[in-house]
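Let's take a walk through this one together. Keep the viewer open so you can click along.

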2 protein chains.
Amino acid sequence: MSAGFETRLREAGYRLTPARRAVFAVLRQASTPLSAAEVWRLGRARHAGLGRATVYRTLPLLVRLGLARALLAPGGVRYQCSEGGTHRLVCRGCGAELPLSGCPAGALAQELSEKYGYLVEGHLLEFYGLCPDCQRRMRHEV
Amino acid sequence: MSAGFETRLREAGYRLTPARRAVFAVLRQASTPLSAAEVWRLGRARHAGLGRATVYRTLPLLVRLGLARALLAPGGVRYQCSEGGTHRLVCRGCGAELPLSGCPAGALAQELSEKYGYLVEGHLLEFYGLCPDCQRRMRHEV
DNA sequence: AAGTAAATGATACAATGTCTCAACTAGCAC
DNA sequence: GTGCTAGTTGAGACATTGTATCATTTACTT
Ligand SMILES: [Zn+2]
Ligand SMILES: [Zn+2]
Ligand SMILES: [Zn+2]
Ligand SMILES: [Zn+2]
């Protein structure tokens, strides 16, 4: 379940602590990307004295290790577990999001890998534009 | 040149002010995405008394209007003019970025447009993984 | 069980972003 | 042009978010 998390942390030379478990667990079972503040609040349910600084230290660590991803939502940065989908259709007017399924980018990854020597682990594909409501709004309210 | 900016602002019912001109001009001629603080500093070269609050008000406005885009870089949020490319290959280890050219997402846009009623104006495609250096580092320094 | 370096949490601090409000001005009507 | 008015501005107080420091604790090794 969260075995990947533990081994990943270990193999990178980091210790497995209650604080890190708590932070990851929170992301893991969240159904939507969370802000750092939310992670802290929820994390304290799992690890009583979880410190704010630790959360801010852990989240970027998880990103560096590939266990989580940082997303820019209207309202600030949010984090989500790597497993979650990252294909969205975002309205630039109101910020509404629609998660997507299909994706054409897979093929390109291999190509990039060979071309630049990068180890391509994933990708983020976001379409942006206007939702039906905001299209109407733009017309009517000038 | 920046005619699109002016008409876009007008047609959405916003006024054309020196402050907004300055902010947009800064983004416009920047070769790399800028933080809000950088926009403020550079903007004051163009409009002496440009206020910090105005910058923080204007940047999201430009995003809502489709004139700029917000990007999440390691180190914080950065803004760039809509024209700039948004196809990157980002290293999750060190944050290094490589701008890309080709893209397979265009076709999907039309499809989404019909399916959800969204007006799809563009997309952001980001591959993430490890640069060659960070791959070595991960092996050697555990 | 003991030793040790990594990690934590509290706190102070810095950076980033938001709100309020009096003063100003872009756009419009005349 | 002259005035009107609502949108906009800039200053500064405030709130939030993120970082640095450091004494204490603790996960891992032996
Ligand atoms: Zn919308
Ligand atoms: Zn995909
Ligand atoms: Zn790297
Ligand atoms: Zn593309």
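What follows goes from the symmetry to the DNA and then to a metal site.

Keep in mind from the start that this is a predicted model. A handy way in is to ask how the two protein chains relate to each other. In general, two copies of a chain are related by a rotation about an axis and a shift along it. Here, a turn of 180° and a shift of 0.0 Å along the axis lay chain A on chain B with an RMSD of 0.2 Å. That is the relation of a two-fold axis. If you want a landmark for the axis, pick Leu125(A): its C-alpha sits 2.3 Å away, and no residue of chain A comes closer to the rotation axis.

Now for the DNA, beginning with strand C. There are 22 residues around DNA strand C, and the ones that come nearest are Thr17(A), His47(A), Thr54(A), Arg57(A) and Arg52(B). On the DNA side, sugar and phosphate make up 57% of the strand C atoms that come within 4 Å of the protein. Zoom in on the backbone and you'll find a side-chain N or O atom of Thr17(A) at 2.7 Å from a phosphate oxygen of DNA strand C. Thr54(A) does something along those lines too, with a polar side-chain atom 2.9 Å from a phosphate oxygen of that strand. Arg52(B) reaches a base instead: a polar atom of its side chain lies 2.7 Å from a base oxygen of DNA strand C. As for secondary structure, the elements giving two or more residues to this surface are α2 (18–29) and α4 (52–64) of chain A, plus α4 (52–64) of chain B. Sorted by class, the surface near DNA strand C has nine nonpolar, five polar and eight charged residues.

Over to DNA strand D. Of the 23 residues around this strand, Arg52(A), Thr17(B), Arg20(B), Thr54(B) and Arg57(B) come nearest. Sugar or phosphate accounts for 57% of the strand D atoms within 4 Å of the protein, and bases supply the rest. Which atoms face the phosphates of DNA strand D? The side chain of Arg20(B) has an N or O atom 2.7 Å from a phosphate oxygen. Backbone atoms join in as well: a polar one of Arg15(B) is 2.8 Å from a phosphate oxygen of DNA strand D, and a backbone N or O atom of Gly51(B) lies 3.2 Å from a phosphate oxygen of that strand. The elements contributing two or more residues here are α3 (36–46) and α4 of chain A, along with α2 (18–29) and α4 of chain B. The class count for the surface near DNA strand D is 10 nonpolar, five polar and eight charged residues.

Next, the metal. Which atoms hold the zinc ion (ligand 3)? The SG atoms of Cys91(B), Cys94(B), Cys131(B) and Cys134(B) coordinate the ion at 2.2 to 2.3 Å. The angles among those four donor atoms run from 102 to 115°, and the site is tetrahedral. For reference, the ideal angle for four tetrahedral donors is 109.5 degrees. Along the chain, the donors of the zinc ion (ligand 3) are spaced as C-x2-C-x36-C-x2-C. Distant parts of the chain are linked this way, with Cys91(B) in strand β3 (residues 87–91) and Cys134(B) in helix α6 (residues 132–140) of chain B, 43 residues apart. Cys91(B) counts as buried because its relative accessibility is 1%, and Cys134(B) is buried too, at 4%.

One last stop is His87(B), which is also found in strand β3 of chain B. With a relative accessible area of 13%, His87(B) is buried. Its side chain makes a polar contact with the side chain of His123(B), at 3.2 Å.

How values were computed: Residues numbered from 1 in each chain as written. Chains lettered and ligands numbered in written order. Predicted model: local features only at pLDDT ≥ 70, side-chain atom pairs only at ≥ 80, totals over all residues. Heavy atoms only, no water. Donors = N, O, S within 2.8 Å, 3.2 Å for Na, K, Ca; no water. Tetrahedral: all angles 85-135°; square planar, octahedral: opposite > 155°, others 65-115°. Helix = DSSP H or I, 4+ residues; strand = E, 2+ residues; numbered from the N terminus. Buried < 20%, exposed > 50% of the residue type's maximum accessible area, 1.4 Å probe, protein only. Near = heavy atom within 4 Å. Polar contact = N/O pair within 3.5 Å; in protein donor to acceptor, adjacent residues only side chain to side chain. Nonpolar A, V, L, I, M, F, W, Y, C, P; charged D, E, K, R; others polar. Least-squares fit on C-alpha atoms with pLDDT ≥ 70 in both.
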